[in-house]
Amino acid sequence: MQYSFEEVMKYIEEEDAKFIRLAFRDAYGIQKNISVMPTEIKKAFEEGIPINARKIAGFKECPYASLYLKPEAETLSVLPWRPDSNKVLRMFCGVYTPSGEEYASDTRLLLKNAVLRAKEAGIEFKFGNETEFYLFINDENGKSANIPYDEAGYMDIAPLDKCENVRREISLTIERMGLIPERSHHESGPGQNEIDFHYARPLKAADQMTTFKMAVSTIANRLGLTADFSPRPLQDYPGNGYHINIYASDADGNDMAKYAAAGILERIREITIFLNPTELSYSRLGNNSAPDRVNWSKQGESEQLLYMETRNGRTRAELRSPDAASNPYLVYALLIYAGLSGIERRLSLPEETEESGVFLPASRKEAVKLMQESDFVKRFVPQEIIREYANV
């Protein structure tokens, strides 16, 4: 929902909100925040609230002792699990230098720039999220016991599916936060779930993903559970994917998704480290139907990297390699740039095949090497972030 500064101030006063979380993200998309009282909000909008930048992954090389958070009013959301009185609000922020310039390594800024580049080219991208996570029982200390909440399988129902009520609670809660879940179901692993979102413009889709992970983890904890989004929580069961549905069209409404998909396939190996940033990410790829080859299909086989579906004259490209350890702002920015490179050249998809001889990186080390050798990555990703991903 769109809010002006004046509307934010009026809402804070009328609702007697006592705390406002100013949220941002590090290089890996992990949400961070600092809380301020209502009396500080005017200062936040006008001057920004300082943070110690050098303690944040991706900002460690910052030449300034402090960077400043300035909230973006349209991202205002109530945290519905907090008290109805003395409400707690959250707003996403831009990151600024002491002189008031946007900080180049802020990945939300990278996505904004990518969207602007696409707009200048007359192209609009939209993304839809399909995210998997496990629910584990907590031990007496409130820590995950690594025991799945149930033993149900793919699309099972209650009582075998004990996660049903949890998914309903999550869906109702995030709907109150302005998110629109499209569907949910039990996934293949014990205690594994999936909740999907309708497609949205890139910035909103990335904000949704960030809010979603926070909400799921918070609600699970309140129910005595741990939500695990990691790529391979259980060695003998399917990993967690973060499938991304990609739509692209030009100013006249013409479908550009096939060209965009070709551009993404062309660059996928170079950008894999950003889509799959952890060592566990490479344990998932190639196992339990997760893709490990650079290929595509119209048949919908889960082993394919990219699934292309055209219905009612509109093409959806579903990318299946990413996992939720990735930073959605950085991921969407790179998918836009790669997609634009395919659209601008009217690039054709390679031959549709199951047995492509081109593989995704088999390890984090290989993915880092491909990133460091990529002129494409160097053109769009700040060196500070490249070094962060290389040095972990």
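Helices (H or I, at least four residues) and strands (E, at least two) are DSSP runs, numbered from the N terminus. The structure described here is a predicted model, in which local features need pLDDT of at least 70 and side-chain atom pairs count only at pLDDT 80 or more, while totals for chains, interfaces and linings use all residues. Residues are numbered from 1 along each chain as its sequence is written, and side-chain values use heavy atoms, with hydrogens and water left out.

A good place to start is the loop between strand S8 and helix H4 (164–176), where Pro159 is found. The peptide bond joining Ala158 to Pro159 is cis, with omega at about 10 degrees.

Strand S8 itself (residues 144–148) runs antiparallel to strand S7 (residues 123–138), and three bridges join the two; strands are taken to pair if DSSP finds at least two bridges between them. Within this pairing, Ile137 faces Ile147 of S8. The hairpin of S7 and S8 has five residues between its strands, and Gly142 adopts a positive phi near 80 degrees there.

Positive phi values also turn up in residues other than glycine. Asn146, a member of strand S8, has phi near 60 degrees. With a relative accessible area of 41%, Asn146 is partly exposed, a class that lies between buried (under 20%) and exposed (over 50%), using a 1.4 Å probe and protein chains only. Asn312, likewise not a glycine, shows a positive phi of about 55 degrees. This asparagine sits in the loop that links strand S14 (306–311) and strand S15 (314–319), and Asn312 counts as exposed because its relative accessibility is 81%.

Gly58 offers a view of the interior. This glycine belongs to the loop between strand S3 (49–52) and strand S4 (66–71), and Gly58 is classed as buried because its relative accessible area is 2%. Gly58 and Glu132 are 74 residues apart along the chain, and their C-alpha atoms are separated by 26 Å.

Turning to the surface, Glu303, Glu351, Glu352 and Glu354 form a negative patch. Patch members have over 30% relative accessible area and no salt bridge, and like charges are joined within 9 Å; a salt bridge is a side-chain nitrogen of Lys or Arg within 4 Å of a carboxyl oxygen of Asp or Glu. The place of a Glu charge is taken as CD. One of the four, Glu351, lies in the loop between helix H8 (328–344) and helix H9 (364–372). Glu351 counts as exposed because its relative accessibility is 69%.

Methods: Patches are made of residues with over 30% relative accessible area and no salt bridge: like charges are joined within 9 Å, nonpolar side chains (Val, Leu, Ile, Met, Phe, Trp, Tyr) within 5 Å. Accessible areas come from the Shrake-Rupley method with a 1.4 Å probe; for residues, only the protein chains shown count as cover. Lys and Arg count as positive and Asp and Glu as negative; His and the chain ends are not counted.
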